[in-house]
Amino acid sequence: MALLEHTDFGVTDKYMSQMMSKIMRIINITRYRIFIILAFLLAPSHVATALEVVSGHTTQGGMIIIKTDPDATLTVDDQPLMLSAEGLAVLGFHRDDTSAIHLHATYSDGGEAYLAVTPELRQFNEQRIDGLPNNMVTPPQAVLDRIARDRIEVSKARSVSSELTGWQQDFIWPTYGIITGIYGSRRILNGEPRAPHYGIDIAANTGTPVKAPADGVITMVDDLYFTGMTIIMDHGHGISSTFLHLDKVNVQLGETVKQGDNIGSVGSSGRSTGAHLDWRINWFDKRLDPALLAGPMPDR
Ligand SMILES: [Zn+2]
């Protein structure tokens, strides 16, 4: 219609040819769309073979959410992967993961779908911390047993596989402040290379409230050698949060918490050089980057 009106008013040939080529482009795009829809409708196996990444960060330290049919049986690298009632699953990439993970869905009608997801590689920086008491950097033999016990307890809490759905929420920052340590940094303590830093450090005054970044259940509360007063919270499907160096704890083992609930306060307990919250996210034993989940720190 618009085209006819222009013709009535005597538009130039050049204008007409521009218009025609625009219209042809639109038709071509539409054709392509129709083709995709047909290809989907004519897919020979299961009607909804879709097995796709619907959100998250396909990168080292990233968490991704996968969607498929709720009736599917899903595996990742041949290990079972839990599906929610809506057909959602979650997994994460460790700092040093470089190769693709392979997802495989089998549907109730015998249909199958495959998906390979390769994490993007990131650059990590180096963090030097000097002036730590030497017994914290290289603990004396007497405390090594305690550290070993701490590790077992932490890894037990992080191995919980529940049907909680907190991982589906948009995570919020548990506290606000200046970020003084980031995920993935290689650490050199008193000049000695150590494991990378897997948390995000938020400097805040002792006593500043720490809030639940998402719904969850408390799976560990303890005073540990390195991390001081520590809380671990299960968000479901292997996703957990860990809060380190706390001053006070307001929750108990087994307690259910809602996103935003006050669970404790910032402190400097354990191996810490000042009051800050060290917040960590895990997918089972894989360490994820909390900053990718919570996004930029808000101004408040
Ligand atoms: Zn830290």
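## Reading the sheets

Four bridges join strand E1 to strand E2, and the two run antiparallel. This is a predicted model, and the dialogue below starts from that pair.

Q: How should I read a statement about two strands pairing, in general and for E1 and E2?

A: Strands of a sheet pair through backbone hydrogen bonds, either parallel or antiparallel. Here E1 and E2 take the antiparallel sense, with four bridges between them. For a concrete spot to look at, find Glu52, which stands opposite Lys67 in E2.

Q: Which strands make up the sheet that holds E1 and E2, and in what order?

A: The order is E1-E2-E5, an open sheet of three strands with antiparallel pairing. Strand E1 (52-56) and E5 are the edge strands, each pairing on one side only. Direction ignored, neighbouring strands of this sheet are turned by 35° against each other on average.

Q: What joins E2 to E5?

A: Strand E2 (residues 63-67) pairs with E5 over five bridges, in the antiparallel sense. A good residue to click on is Ile64, whose bridge partner in E5 is Leu91.

Q: Is E5 mostly covered or mostly open?

A: A helpful general idea comes beforehand: in a regular strand the side chains alternate between the two faces of the sheet. As for strand E5 (residues 88-92), it is mostly covered, with four of its five residues buried. For the chain as a whole, 31% of the 300 residues count as buried.

Q: Where can I find parallel pairing in this model?

A: Look at E8 and strand E10 (residues 186-189), which pair in the parallel sense over four bridges. Within this region, Ile129 stands opposite Leu189 in E10.

Q: What sheet do the strands E8 and E10 belong to?

A: They sit in an open sheet of three strands, ordered E8-E10-E11, and the pairing there is mixed. Its edge strands are strand E8 (126-129) and strand E11 (192-194), each of which pairs on one side only. From one strand to the next, the twist averages 30°.

Q: How many helices and strands does the chain have?

A: The secondary structure of the chain comes to five helices and 20 strands.

Q: What share of the contacts in the chain join residues at least 24 apart?

A: Take the contacts between residues at least 6 apart in sequence: 66% of them join residues at least 24 apart. For a pair to look up while you browse, return to Ile64 and its bridge partner Leu91 in E5.

Technical notes
Residues numbered from 1 in each chain as written. Predicted model: local features only at pLDDT ≥ 70, side-chain atom pairs only at ≥ 80, totals over all residues. Buried ≥ 20, exposed ≤ 12 C-beta atoms within 10 Å, placed from the backbone. Contact = placed C-beta atoms within 7 Å. Pairing = 2+ DSSP bridges. Axes fitted to C-alpha atoms, helices over the stretch in contact; angles between N-to-C directions.
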